[in-house]
Amino acid sequence: MARGHQKFQSQQKNAKKQAEIKKAKGHDQKAAAKAALVYTCAVCRTQMPDPKTFKQHFESKHPKSPLPPELAGVEA
């Protein structure tokens, strides 16, 4: 087992290696979040992640507009 300065050097080397792997992988949180937004309001083009949220949005923001057919069987 490494001690002292050798341990510190090993940790630095590992941290650098992990950073390079993470950089090469390129996980993009914005892209993942955008992919999760699958429902789009036809009136205002706002995107929502699930039908329940979509129905709540539609009922509160557009009460005079007719409910879209994809929300007919969804309970809020």
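**Entry 1: H62.** I began with H62, which sits in the segment after α3 (51–61). The model is a predicted one, and I kept that in mind throughout. I wanted to know whether H62 is buried or exposed. Its relative accessibility is 11%, and the cut-off for buried is under 20%, so H62 counts as buried. I then listed its contacts, leaving aside neighbours within four places in sequence. H62 touches C41, V43, C44 and H57.

**Entry 2: F58.** I made the same kind of list for F58, again without the neighbours within four places in sequence. F58 is in contact with C41, V43, P63, S65, P66, L67, P68 and L71. I noted C41 and V43 here, and both were also in the list for H62.

**Entry 3: the core.** Which residues form the largest nonpolar core? I found six: C41, M48, F54, F58, L71 and V74. F58, from the previous entry, is thus one of the core residues, and its contacts include the core residues C41 and L71. As background, I wrote down that nonpolar side chains tend to be buried together in soluble globular proteins.

**Entry 4: R45.** I looked up R45 next and placed it in the loop between β1 (39–40) and β2 (47–48). R45 is not a glycine, yet its phi is positive, about 65°. For reference, most residues other than glycine have a negative phi. I also checked the surface: R45 has a relative accessible area of 61%. The cut-off for exposed is over 50%, so R45 is exposed.

**Entry 5: the whole chain.** I counted three helices and two strands in the protein. Read from the N terminus, the order of the elements is α-α-β-β-α. Why do I call the protein more spread out than a compact globule? Its radius of gyration is 24 Å, whereas the globule rule gives 11 Å for 76 residues, and the value for the protein is well over that. I also took the spans of the C-alpha trace along its principal axes, which are about 70 × 20 × 20 Å.

**Entry 6: burial and contacts.** Of the 76 residues in the protein, 13% are buried; H62 is one that counts as buried. Among contacts with a separation of 6 or more, 2% are between residues 24 or more positions apart.

**Entry 7: surface and charge.** I recorded an accessible surface of about 6600 Å² for the protein. Carbon and sulfur atoms hold 53% of that surface. Last, I looked up the charges and found 15 positive and 6 negative. The mean positions of the two sets are 15 Å apart.

Technical notes. Residues numbered from 1 in each chain as written. Predicted model: local features only at pLDDT ≥ 70, side-chain atom pairs only at ≥ 80, totals over all residues. Heavy atoms only, no water. Core = buried A, V, L, I, M, F, W, Y, C linked by side-chain atoms within 4.5 Å. Buried < 20%, exposed > 50% of the residue type's maximum accessible area, 1.4 Å probe, protein only. Contact = heavy atoms within 4.5 Å. Helix = DSSP H or I, 4+ residues; strand = E, 2+ residues; numbered from the N terminus. Rg over C-alpha atoms; globule rule 2.2 N^0.38 Å. Areas by Shrake-Rupley, 256 points an atom, 1.4 Å probe, with all protein chains shown as cover. Lys, Arg positive; Asp, Glu negative; His and termini not counted. Charge placed at Lys NZ, Arg CZ, Asp CG, Glu CD.
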